[in-house]
Amino acid sequence: MSKPLIISLIILAVLIAIMIVLYFVGKKAQKKKEEQDEQLAAAAQTVTMLIIDKKRMRLKDAGLPAQVVEQTPKLMRRSKLPIVKAKIGPRVMSMIADEQIFDDIPVKKEVKATVSGLYITSVRGLRGPLEKPQQKKKGFRAKLQAKYNEASAQLQAEKSQADKSSKKKK
């Protein structure tokens, strides 16, 4: 056999091995995410809050409790997160918003939010529906992310409906 053919076969074998490893790592990460979503849903509460401000900022600059900052992985401490400053009852708190709903959160308005710890998972208008922010022109990466988010939300909705129907049959 010729040398270029052997080299290309070795490269092909390495690429196939990498793809297999990534497949299993992706499945494991997806299961972990589903478990975390279930835990968030179990601890969820509906709260009325006045949104004061919202920004994307680093975790250490956000004003979150020191215990939260210590528990986060070191790589996440440097990344920017969607932080919402809100008045809940008499207290002003900094909270982390879900990336999917961050743009829908109105500033200086009262909303009903589903909160799990310091994490805001959904927002509804207290007095009527929320106004949709003006759509910015999306880039290629943002369009792909939006399609992925829609597909995962649809799959999750179908899964919850299947779970409900299987519980009813029992």
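In the predicted model, Arg78 is exposed, because its relative accessibility of 63% lies above the cut-off of 50%. This residue belongs to helix H3, which covers residues 74-78. Arg78 also contributes to a positive surface patch, whose other members are Arg58, Lys60 and Lys80.

A second surface patch is nonpolar and has an area of about 860 Å². The residues that make this patch are Ile6, Ile7, Ile10, Ile11, Val14, Leu15, Ile18, Met19 and Leu22. Among them, Met19 is located in helix H1, which spans residues 3-42. Met19 counts as exposed because its relative accessibility is 57%.

Helix H1 also contains the residues Lys33 and Asp37, which lie four residues apart and are therefore separated by about one helical turn. Their side chains meet in a salt bridge, with an N to O distance of 3.2 Å. Lys33 is classed as partly exposed because its relative accessibility is 47%. Asp37 is likewise partly exposed, at 24% relative accessibility.

The pairing of the strands was examined next. Strand E1 comprises residues 45-58 and pairs with E4 in the antiparallel sense through six bridges. Within this pairing, Thr48 of E1 has Lys112 in E4 as its bridge partner. Strand E1 also pairs with strand E2 (residues 80-88), again in the antiparallel sense, over eight bridges. In this case, Met57 is found opposite Leu81 of E2.

Strand E4 (residues 110-116) is in turn joined to E5 by six bridges, and these two strands run antiparallel. Ala113 stands opposite Val123, a residue of E5. E4 and E5 form a hairpin with two residues between the strands, and in this hairpin Gly117 adopts a positive phi near 70°. Strand E5, which covers residues 119-125, further pairs with strand E3 (residues 91-97). The pairing of E3 with E5 is parallel and rests on two bridges. One bridge partnership links Ala97 to Ile120 in E5. As a general feature, side chains in a regular strand alternate between the two faces of the sheet.

Salt bridges were considered throughout the model, and their count comes to five. One of these is formed by Asp53 and Lys55, whose closest N and O atoms are 3.9 Å apart; this distance satisfies the criterion because the cut-off is 4 Å. Asp53 has a relative accessible area of 29% and is therefore partly exposed. Lys55 is also partly exposed, with a relative accessibility of 44%.

A further salt bridge connects Glu99 with Arg56, the closest N and O atoms being separated by 2.5 Å. Glu99 is located in the loop between E3 and E4, whereas Arg56 is part of strand E1, so this pair ties together parts of the chain that are 43 residues apart in sequence. Arg56, Glu99 and Asp103 are joined into one network by salt bridges that share partners. With regard to accessibility, Glu99 is partly exposed because its relative accessible area is 44%. Arg56 falls in the partly exposed class as well, at 39% relative accessibility.

Conventions: Residues numbered from 1 in each chain as written. Predicted model: local features only at pLDDT ≥ 70, side-chain atom pairs only at ≥ 80, totals over all residues. Heavy atoms only, no water. Patch = residues over 30% accessible without salt bridge, like charges linked within 9 Å, V, L, I, M, F, W, Y side chains within 5 Å. Areas by Shrake-Rupley, 256 points an atom, 1.4 Å probe, with all protein chains shown as cover. Lys, Arg positive; Asp, Glu negative; His and termini not counted. Charge placed at Lys NZ, Arg CZ, Asp CG, Glu CD. Buried < 20%, exposed > 50% of the residue type's maximum accessible area, 1.4 Å probe, protein only. Pairing = 2+ DSSP bridges.
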